[in-house]
Amino acid sequence: MTMDLIASLAGLAADSPVRALLARREDIMDLTEKSRQAVLTPADPGGLSHTVRALIAVRAAERLGDPVLRDHYFDQFSHGEGAYDLADLVDPARRPDDPWLGAVFDHADRLTRQPRTARQSDIETLQRAGVSDADIVRLAELAAFLGYQARLISGLRLMEAAQ
Amino acid sequence: MKPAVHHYTTDVLDWRPFVTPVKLEEATPAQREALKITPANKKISDYVLVLAHDPESLLHRSPLFNAIMYGRDGLDHGGRELGAIGSSIVNRCVYCIAVHARHYNQATKTTAVVEEIFAKELDATLPDREQSIFDFSSKLSAFPPAASADDVARLRDKGLTPLETLDLILSTAIFGWANRLMHTLGEPIPAG
């Protein structure tokens, strides 16, 4: 069942009535899972490796103050190729020395915390740092998916608590 | 160059990208599949052509968006649009608001709710049911998400079933996604 990950992240009990509701939205849960794979582990990752994507997700979950989501993505990150060299960066307060990665993380952070402040100059900053237009779109899809997933899970937890 | 639109409106707007859209004649097979190119569908917006830079995401997000916003049972269309508007106000996606305020007004055959939200944003005073939906969606859209058990209880008190509440969570959440694309990869301009 593709809804298992969302149900698990939301902490739904095995016999929770909320699971029965999710089953009635099975098509949506199935597309949510396919979308997760498309942004976290795409067949064509472009300039954003699977490890860097998982790292961006760890940092976003940390910013969101969501330890369950954070542990889920940390597990994925720590099994990724090259994770050892990036391990310091799981702390979202740390900024990479590499200008390309620094620009990518700054923008991911903006999309997580305050997308309303985004301007054309933010895209120009990414372009000046050498981030391609395709990678800018890939980054936006990843950060935006994480915003969707965090709010879906947060809402489901409220429903579960209301049972 | 036309100046960008920064105020709330229900006018039809165009969208000007900050990155170069994929050129249709240069699209890869994966991009063509995600763009659903058919002889009947030759006119594709710049927004979708920008998203075609990441065809794997586009391929699944488009049907996900449609399933959430236009599902047959559960929360009525106006309720889903109000969830979309709550998120779009928090994230100040002027283009998203224009489209979905229009859809809300069409679905409900009203304009007062949208006018009040345009005037007072998160301080809008709305009829009880609409207030409970708008408050829930705007709080869930905050960073970090701030909807509470009280907000869920208020939805139930105003007659939303658990399935309808789930549909509201989904429409709010999918706009957490859509706003972060549309508001950050380009900007709205007057149409025409």
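## A word on angles first

Helix pairs at angles under 35 degrees count as roughly parallel, those over 145 as roughly antiparallel, those from 65 to 115 as roughly perpendicular, and the rest as oblique. Keep that in mind for the helix pairs below. One more thing before we start: this is a predicted model.

## Helix α4 of chain A and its two partners

Let's begin with helix α4 of chain A, residues 50–64, and the way it packs on α9(A). The angle between these two helices is about 45°, and their axes are 10 Å apart. α4(A) and α9(A) are therefore oblique to each other, and their crossing is right-handed. Which residues of α4(A) meet α9(A)? They are Arg53(A), Ile56(A), Ala57(A), Ala60(A) and Leu64(A), and across from them in α9(A) sit Leu142(A), Ala143(A), Leu146(A) and Ala150(A). Sorted by class, this contact has eight nonpolar residues, no polar ones and one charged.

α4(A) also packs against helix α5 of chain A, residues 67–78, with an angle of about 160° and axes 8 Å apart. That makes α4(A) roughly antiparallel to α5(A), and the crossing of this pair is left-handed. On the α4(A) side, the residues in the contact are Thr51(A), Ala54(A), Leu55(A), Ala57(A), Val58(A), Ala61(A), Glu62(A) and Leu64(A). On the α5(A) side, you'll find Leu69(A), Arg70(A), Tyr73(A), Phe74(A), Gln76(A) and Phe77(A). The split here is ten nonpolar, two polar and two charged. Ala57(A) and Leu64(A) are worth picking out, as they meet α9(A) and also meet α5(A).

## Helix α9 of chain A

Now for α9(A) itself. This helix has 29 residues and reaches 42 Å from its first C-alpha to its last, close to the 42 Å expected at 1.5 Å a residue. How many of its residues are buried? The count is 26 of the 29, so α9(A) is largely enclosed by the rest of the structure.

## Where the chains meet

The contact between the chains takes 46 residues from chain A and 44 residues from chain B. On the chain A side, α2 (17–24), α3 (26–40), α7 (99–113), α8 (120–128) and α9 (133–161) each supply at least two residues. The largest share, 21 residues, comes from α9(A). By class, the chain A side divides into 27 nonpolar, eight polar and eleven charged residues.

## Helix α7 of chain B

Over in chain B, helix α7 covers residues 128–141. At 1.5 Å a residue, its 14 residues should span 20 Å, and its end C-alpha atoms are indeed 20 Å apart. The buried residues of α7(B) are Glu130(B), Ser132(B), Ile133(B), Phe134(B), Phe136(B), Ser137(B), Ser138(B), Leu140(B) and Ser141(B). What do they pack against? Within chain B, the partners are α4 (77–90), α6 (112–120), α8 (149–157) and α9 (162–182), and α9 of chain A joins in as well.

## Backbone oddities in chain B

Most residues other than glycine have a negative phi, and most peptide bonds are trans. Chain B has some exceptions to look at. A cis peptide bond joins Phe143(B) and Pro144(B), with omega about -15°. Pro144(B) is in the loop between α7 and α8 of chain B.

Arg92(B) is not a glycine, yet it has a positive phi of about 50°. You'll find Arg92(B) in the loop between α4 and α5 (94–108) of chain B, and it is partly exposed, with 18 other C-beta atoms within 10 Å. Glu121(B) also has a positive phi of about 50° without being a glycine. Its place is the loop between α6 and α7 of chain B. With 13 C-beta neighbours inside 10 Å, Glu121(B) counts as partly exposed.

## Far in sequence, together in space

Is His183(B) buried or exposed? It is buried, with 23 other C-beta atoms within 10 Å. His183(B) is found in the loop between α9 and β2 (186–190) of chain B. Leaving out residues up to four places away in sequence, His183(B) touches Pro115(A) and Ala118(A) in chain A, plus Asn91(B), Arg92(B) and Cys93(B) in its own chain. The C-alpha atoms of His183(B) and Trp15(B) are separated by 9.7 Å, although the two are 168 residues apart along the chain.

Arg102(B) gives another such pairing. This residue lies in helix α5 of chain B and is partly exposed, with 16 other C-beta atoms within 10 Å. Arg102(B) and Val12(B) are 90 residues apart in sequence, but 8.7 Å apart in space, C-alpha to C-alpha.

How values were computed: Residues numbered from 1 in each chain as written. Chains lettered and ligands numbered in written order. Predicted model: local features only at pLDDT ≥ 70, side-chain atom pairs only at ≥ 80, totals over all residues. Contact = placed C-beta atoms within 7 Å. Helix = DSSP H or I, 4+ residues; strand = E, 2+ residues; numbered from the N terminus. Nonpolar A, V, L, I, M, F, W, Y, C, P; charged D, E, K, R; others polar. Expected span 1.5 Å × (residues − 1). Buried ≥ 20, exposed ≤ 12 C-beta atoms within 10 Å, placed from the backbone. Axes fitted to C-alpha atoms, helices over the stretch in contact; angles between N-to-C directions. Left-handed = near helix turned anticlockwise from the far one by under 90°.
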